[in-house]
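Me: Happy to have you along for this one! Could you take a look at the fold below and talk me through a few spots?

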Amino acid sequence: LPAPAPAFTRSSDGRLWFVCLQFGDLKQLPAPVVPPQLVADHPDLAAGIVAFDAWVANADRHPQNLAYVPGKVPPVIFDHGHAFAAGGSRAKLTQLPSHLVDPAPTGCLVPHLSTAKPFGLWLSVLTGVPSASIQRIAEEAVSAGALRADEAHLIHDYLVKRQSHLSAALRAGCSALTDWGIV
């Protein structure tokens, strides 16, 4: 999915920061996305964003954490601080296993999707991410000091197990969509 390339860094006082290059006008934050326009212009990508948020249990997808200005800024996702059902709180990570079979979150794009067809591709992509790749990324987060080893292990296990529940989660969270038989 389109996201600015991120990195870990430390401030002069030693605090850990997760940063990415800014995109668009450097003087201000991007304007909030108009969800129906993003879905109309990029329906397959919109379905991918919904599927990704379902996989990582991010219930905080709203117009202010998407960027898209037709002809100027391509679709970009950012701000995943509420992923892993944590609601922005690391303390809630311990509850992550209880969210394994939760329905997909219904962020701002879901009401504008008209079919489930694009989910087929995204289910293939997301359920095909190897456990070893997830493990490597989790280890990088531990090495950078962004996660403790126990948190990384919890997230790794959740993502691997959620892969087998992702189709059902999308069907439950996006049940108003048509064409599920094709997915």
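Me: What is the handedness of the crossing where α2 passes α3?
Reply: Good place to start, and keep in mind that this model is predicted. Helix α2 covers residues 43–55 and helix α3 covers residues 119–127, and their axes come within 9 Å. As α2 passes α3, the crossing is right-handed.

Me: How are α2 and α3 oriented to each other?
Reply: The two axes cross at roughly 45°. Angles under 35 degrees would count as roughly parallel, and 65 to 115 as roughly perpendicular. The crossing angle fits neither range, so α2 and α3 are oblique.

Me: Which residues of α3 make the contact with α2?
Reply: On the α2 side, the contributors include Leu45, Val50, Phe52 and Trp55. By class, the contact has nine nonpolar, one polar and one charged residues. From α3 come Phe119, Trp122 and Leu126.

Me: Is asparagine 65 buried or exposed?
Reply: Asparagine 65 lies in the loop between α2 and β3. Beyond residues up to four places away in sequence, it touches Asp60, Val76, Ile77, Phe78 and Asp79. Its relative accessible area is 0%, and under 20% counts as buried, so asparagine 65 is buried.

Me: What is the relative accessible area of histidine 156?
Reply: Histidine 156 sits in helix α5, residues 149–163. Leaving aside neighbours within four places in sequence, histidine 156 is in contact with Ser131, Ile134 and Gln135. Histidine 156 is buried, with a relative accessible area of 9%.

Methods
Residues numbered from 1 in each chain as written. Predicted model: local features only at pLDDT ≥ 70, side-chain atom pairs only at ≥ 80, totals over all residues. Heavy atoms only, no water. Helix = DSSP H or I, 4+ residues; strand = E, 2+ residues; numbered from the N terminus. Buried < 20%, exposed > 50% of the residue type's maximum accessible area, 1.4 Å probe, protein only. Contact = heavy atoms within 4.5 Å. Axes fitted to C-alpha atoms, helices over the stretch in contact; angles between N-to-C directions. Parallel < 35°, antiparallel > 145°, perpendicular 65-115°, else oblique. Left-handed = near helix turned anticlockwise from the far one by under 90°. Nonpolar A, V, L, I, M, F, W, Y, C, P; charged D, E, K, R; others polar.
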